[in-house]
Every structure is written in structure tokens, then in C-alpha cells.
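Please take a moment with the sequence and the model before reading on. The paragraphs below are meant to be followed with both in view.

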Amino acid sequence: MSETGTGSDYLLSALVDEGVSTLFGLIGEGNSHLVDRTNDADLDYRYARHEQVAVMMADGYARIAGDVGVCTLTHGPGLTNGVTGLAAADRDNVPLVVLVGDTARQGAETSLQYLDHLEMTGPVSVYGTRVESPGTLPERIRSAFAKARLRSGPVVVEVPTDVQAAPAPEIPYEPRQLASGRRPPEPDRVEAAAAALAESEAPLILAGGGAAAAGAGAALEALAETLGAPIATTFYGRGVLPESHPMVSGIAGTFMPPASAAVVPDADAVLVVGAQLAGKTTRFGDLWQDATMVQIDVDREAIGHHQPVDVGVLGDARLTVEALADAVTPDPARAEAVRDRLAAADEPAALSFEDDPDRIDPRELTVAVSDRLPDDAIATVDSGNNTGFPAVFHRIEAGGRMLVNGNFGSMGYAIPAALGAKLAAPERPVVSYAGDGSALQVIQDVETAVRYGLDIVFVAYNDASYGIIRHRQNLEFDRETGSAYDAPDLATVARGLGADAATVRSRADLDVLETHLERDGDTPLFLDARTIPSVSRPGFPPY
């Protein structure tokens, strides 16, 4: 890399050396020098209209690209606006590097927007560091990327404005070489897991994001057929195998489709592969209270973190599942019984939906959207009443992905995550599912999709309320307070931001989606779907 220029030039060149091609952000006084120097850097700068969106764009990008997402924010309120995105990434173990343009070193505490950024972000990041001088840039940036990758979470780096503008250090940047390769399991732990599963009459495999990231689909398929166990997934594990596979039941926990409801609660042993046993997956501990729990994870701290387990196996998901498939006793009769039981379960798309002349059932809407999308589509999902509809009614087939902030439940995730995902995989269709309440928090960034020519499909479940809160209020208090309002005309707002838009009240109104998908354009489509307010998400009332 060049040894001339400023601290900003050095930093941007270091990002390129780390494999970064896209920098997300929002400009302010604290990072204006860094942003200006992107004009001469070998990377793309993609800016948002709000700092939360910038961080969540990097989040969506990281999940699809499979590496660190990077964004830059200004000091003070720029960082505080972005903290929700940091917390979301931290809970979901998404590797990010967030470059905070800090106030100048001299007189920092008397500056208008001074804030102790590292103290504030400590609870929602895996590491924080400050570049005290240009000479410390190389090691601070190396450490930031190494921490983000090794600990799979967000890292915050303070870079004062005078460090950005100072002459670059004369030290060539070299990324830290991390140990590569998959970690094989210990044979005795595989034997212990096989022995625990051998005593089971109704075993279940639970595949999570770690299984998907490890490419463990084929290994899980072989193990399921050998052991005679259905495969359920977490939100993050969706797509590890096509959901039309005869041994795959669908998502487990709060949002179970009929096939999962038929097999998941009856499991007397659960093999957890690269998955957190977090609240929604376990129905907050109600599932599998008496089952034998066997957990496979590459992270030692993850084993038994959310729920005690009987056998823990430290190792790569694919290698461990392959070893386990060789160690268990085949049970073809049980496998056949599982296939029959799953095949007999109702398909979500075949369920009865409510009729309304002016509104569409959100379940029917999701089925209709999903049916029109290619198998390799990426879906992003927001938090709220809307979460359960794509969880159950959007089908994930081979090559498909679903991104959700399931462990923090932040509103306003789906739209920015869709922006980042589309920039990471511009050739793949992307659909964003959000409630009207969530959409209104970040709808200004539909303009970001317009600006960068991203033909994302934005779907808003417009039930004129903060739906999950309204449903709970009526359940608990028999009245509503501050959770319902007149339906906003989101289609008009989206058109004002430059997008194509339509109001959807029935399946017939989705012809516009087919037209959009058939043409190879670069304009996003916003669907303001007027949904029936009385329809609550699958699994309600429990969280």
C-alpha cells in the first residue's frame, strides 16, 4: 500500500488490504475527512439517511458476504443514533467494524459533541479501541478486524479528526494472519453424543446459523436419514437445506409451522448444531424441558450458554455432524416414519385465510409474495407482529436466505438489512418484510435504494398499528393505548422518495410484483399492503 497521504488515506487503504470493498456510513464533522478521502480509495462508499440504517446496512452486507461489515459514523449523536444497530449485531454475533470519527485529541472534553464512545458502546460490542496517534493506526486496525472475526461481533474504533488529517504512518499495513481451517471434534465427545442419541426414541436435529455458515447441509441430511430424526431450524438456520426436503420440518419454537408442531415438542433428545438455545427457539424454556440435550458448536462459550446441555461437543458443525453420522446406529424404519409424519402435516400455504374486501390476510400476502420470488431470494424480516408471517409462510429453498434480528428484536431492521444484502449480492432478488410501524422508523432510506439503483421489493404489512403491542394490550388490558393510528399512505411516501409503489388489498394487486420481477430494472418497488388488523402472528400470545 502507499506510504504517503493522510491518516484517512492509510486507514482506507488498510480496509482494502483487509478485503473490504464497501464502506457504509453517514457523514458528519467527525468523519468528514475520512469520507472525503474515499474519493481516491479503491472502495465504494455507500451512505444512508440515518446512522442506525448505516450500521444495519453493514450488518446485512456482512451476513450475505460472509465477512466483516464496515461503516463510519460521526461522533456524539452520530454514534448514539447507531447504537441500536450495534446492539442488534452484538446479539446476533455479526462481525462489524464501526469507525467513529472522534473529536480532536486536544480539548476533546470541551467539544460540543464530546462523548465517551467506548464506555457507551462497551455493553453492545465485543471490543473497543482508540487510535491515539497516526503511528498506532496499523495495530489498532489489525486488532479491530481480528477481534471482529474471532469473536464474531461488532468492534468500535475511535479515530480523532486530527489523526485522520495527520500524515500517514510510514509502516506498511499487513493484516493479521488468523488460524484457518475447520476444527475437528474430539472422538470421545462424538462417542458421548452418539451414546446419548442412541437412547432416544424420538430424536430431533436443530440446525442454526452456525450449521448454515459451515455448509453442513449435506452432512445434516445424511445424519437425519441415518438417525431417523427430523431437522428443524432456527431463524438463522433457514436455508441450510431446502424446506421442501422430506426430513425438514421448518422453524422451531415460537413460529412453528404445522410440520414442526407435529414433531418438535415430542423430541426426547435434541441435537443442537450451531444454534443458540435462545428464547424464541425454545419458547423460553417450555420446549424440551425433559429432553436429552446434545450441543455442537465451534465456540466453547456458546455450549450451554442459554440452556444446560447433557453433552457438549466442540468442533466445526460439518465435520462433527459427518463424524456423528458414522457413529450412530442406522434406523431406516424411524426415518421412514418421520418422512410420513412430515408429509401428512398441513402446508402453511393451504391453511384457511380470512376474507376482507378492503384488506388482505398477512399470511396470504406472504404466501403470494413468496410464490412469486425465485428460490435464491434473500428475505429480510423486521420485529413485531409481522415477524411470524415470513417465518412460517415465506418458503426458503436451495440458495435462499432469511435475515432477522431475532435476539434483540429491534424495529427498523429489515429495510437497511435489505440494502446491505443487495449490495453484497446484486444479482440476487431481495425482499424486505416490515410492519408499518417499523417501516416508518426508517422509510427515508427507501431513497437510498433509489439512489444506488437497488431493485429491492419492500413489503409493508400496514395494519395501522404497532401490531404486537396492540394485540398484547387487548389480551392483557382489554383496551388499546397509543398502539393504533390511522393507516399511513406508505405508497405515496415511497413514490415521493423515487420508488415504484402500489397499494395491495388482494392477491390480484400483486400483478405489479410479477411485472417488477420480469423486467430487469434498477428501481425498488414498495408494496403498501393493507392487512387485516385482527390477524395476529403465528404463536401468539406467547413470545
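What follows goes from the overall dimensions to the sheets, the cores and a few individual residues.

This is a predicted model, in which local features need pLDDT of at least 70 and side-chain atom pairs count only at pLDDT 80 or more, while totals for chains, interfaces and linings use all residues. Residues are numbered from 1 along each chain as its sequence is written, and side-chain values use heavy atoms, with hydrogens and water left out.

The radius of gyration, taken over C-alpha atoms, can be set against a globule rule of 2.2 Å times the number of residues to the power 0.38. For 543 residues a compact globule would have a value near 24 Å, and the protein chain agrees because its own value is 24 Å. Along the principal axes, the C-alpha atoms fill a box of roughly 70 × 60 × 50 Å. The accessible surface, computed by the Shrake-Rupley method with a 1.4 Å probe and, for residues, with only the protein chains shown counting as cover, comes to about 21,100 Å², and carbon and sulfur atoms hold 47% of this surface. A residue is called buried under 20% relative accessible area, exposed over 50% and partly exposed in between (1.4 Å probe, protein chains only); by this criterion 56% of the 543 residues are buried. Contact here means heavy atoms within 4.5 Å, and of the contacts with a separation of 6 or more, 77% involve residues 24 or more positions apart.

The secondary structure comprises 22 helices and 18 strands, where helices (H or I, at least four residues) and strands (E, at least two) are DSSP runs numbered from the N terminus. Two strands are said to pair if DSSP finds at least two bridges between them. One open sheet has six strands in the order E2-E1-E3-E4-E6-E5, and the pairing is parallel. Its edges are strand E2 (44–47) and strand E5 (127–130), each of which pairs on one side only. Angles run from 0 to 180 degrees between N-to-C directions, and axes are lines fitted to C-alpha atoms, for helices over the stretch in contact; with direction ignored, neighbouring strands of this sheet are turned by 25° against each other on average. Within the sheet, strand E4 (residues 96–102) and strand E6 (residues 154–160) run parallel and are joined by seven bridges, and Leu 99 has Val 157 in E6 as its bridge partner.

Another open sheet of six strands, also with parallel pairing, follows the order E14-E13-E15-E16-E18-E17. Strand E14 (401–404) and strand E17 (500–504) are the edge strands, each pairing on one side only, and the average turn between neighbouring strands of this sheet is 15°, direction ignored. Five bridges connect strand E15 (residues 430–435) with strand E16 (residues 457–462), which run parallel, and here Tyr 433 stands opposite Val 459 in E16. Helix H15 (residues 362–372) packs on the sheet, touching E15, E16, E17 and strand E18 (525–530), with its direction at about 170° to that of E16. Helix H3 (residues 51–65) lies across strand E13 (378–381) and E14, running at about 145° to E14.

How many residues of strand E10 (residues 269–273) are buried? Five of the five are, so strand E10 is largely enclosed by the rest of the structure. Ala 269, Leu 271 and Val 273 point one way from E10, whereas Val 270 and Val 272 point the other way. Strand E7 (residues 203–207) runs parallel to E10 and is joined to it by five bridges, with Ala 207 opposite Val 273. E10 also pairs with E11 in the parallel sense over five bridges, and in E11 the bridge partner of Val 273 is Ile 296.

Leu 271 and Ile 296 come up again among the contacts of Leu 324, which, leaving aside neighbours within four places in sequence, also touches Val 190, Ala 193, Ala 194, Leu 197 and Leu 223. A nonpolar core is a set of buried Ala, Val, Leu, Ile, Met, Phe, Trp, Tyr and Cys residues joined through side-chain atoms within 4.5 Å. The largest one has 54 residues, and Leu 220, Trp 288 and Leu 324 have the most contacts inside it. A second, separate core of 51 residues includes Phe 24, Val 94, Ala 417 and Val 446.

Two loop residues other than glycine have positive phi values. Arg 283, with phi near 50°, lies in the loop between helix H12 (279–282) and strand E11 (292–297) and is partly exposed, at a relative accessible area of 32%. Ala 464, with phi of about 55°, is found in the loop between E16 and helix H20 (467–476), and is buried, at a relative accessible area of 10%.
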